[in-house]
Amino acid sequence: MKKLSSLLLAALVASIAVPAVAQFAKADDAIKYRKSALFVMQQNFSRVAGMAAGKVPFDAKVAVESAAVAEFVGKLPWAGFGPDTDMGDSKAKVEIWSNKAKFDDYANKLQVELAKLSAATKTGNLDNIKVAVNAAGGVCKSCHDDFRAK
Ligand code: ASC
């Protein structure tokens, strides 16, 4: 019982730390927020992807750290795609809001794949990392193809 309540408490704390619906003072702030989070996620993801592709030397410690940041920051952008944020300085297509379920599905899949990437980096095995980089990168690409203007 005590264990259950501490689990529930942990779940509650986690849900407070990363709210599904963050509040923004204005649409421009939501756009800036999601772009910033996506940028930080991409920088960390591509560092690991570069190692997987043999473009930069494999550094196991940097891979673990970068993947952990990508995993956490990958939870953030989605709160910035609320209603009335479909205009402004953004490549986001309006189809995000007319097909929100599909977009949310990509967002959820990406978070699953980034968690797997984080786990893969902890094995220290570059082949494991390559598999996870390809899976996560595939979600990036599919979502961009459907929902990001060129
Ligand atoms: C990146 C990046 C993306 C994805 C995508 C994967 O590093 O900037 O948009 O990976 O290219 O296919």
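**View 1. Polar contacts of the ligand.** An oxygen atom of the ligand sits 3.1 Å from an N or O atom in the side chain of Q42. In this predicted model, local features need pLDDT of at least 70 and side-chain atom pairs count only at pLDDT 80 or more, while totals for chains, interfaces and linings use all residues. Residues are numbered from 1 along each chain as its sequence is written, and side-chain values use heavy atoms, with hydrogens and water left out. At G137, a polar backbone atom lies 3.2 Å from an oxygen atom of the ligand. The side chain of H144 offers an N or O atom at 3.5 Å from a ligand oxygen. Here a polar contact is a pair of N or O atoms within 3.5 Å; within protein, one must be able to donate a hydrogen and the other to accept it, and residues adjacent in sequence count only if both atoms are side-chain atoms. Of the 310 Å² of accessible area that the ligand has on its own, the protein covers 62% (Shrake-Rupley method, 1.4 Å probe).

**View 2. The shell around the ligand.** Surrounding the ligand are Q42, F45, S46, G137, C140, K141 and H144 (a residue is near if one of its heavy atoms lies within 4 Å). By class, this shell has two nonpolar, four polar and one charged residues; Gly counts as polar, Cys and Phe as nonpolar, and Lys as charged. α6 gives the most to the shell, with four residues. Helices here are DSSP runs (H or I, at least four residues), numbered from the N terminus.

**View 3. α2 with its partners α3 and α5.** The axes of α2 and α3 (residues 60-73) come within 8 Å and cross at roughly 150°. That makes α2 roughly antiparallel to α3 (angles over 145 degrees). Axes are lines fitted to C-alpha atoms over the stretch in contact, with angles from 0 to 180 degrees between N-to-C directions. With α5 (residues 100-123), the axis of α2 comes within 12 Å and crosses at roughly 45°. The two helices α2 and α5 are therefore oblique to each other (outside the ranges under 35, 65 to 115 and over 145 degrees). The crossing of α2 and α3 is left-handed, and the crossing of α2 and α5 is left-handed too (near helix turned anticlockwise from the far one by less than a right angle).

**View 4. α5 beside α6.** The axes of α5 and α6 come within 8 Å and cross at roughly 160°, so these helices are roughly antiparallel to each other. α5 passes α6 in a left-handed crossing.
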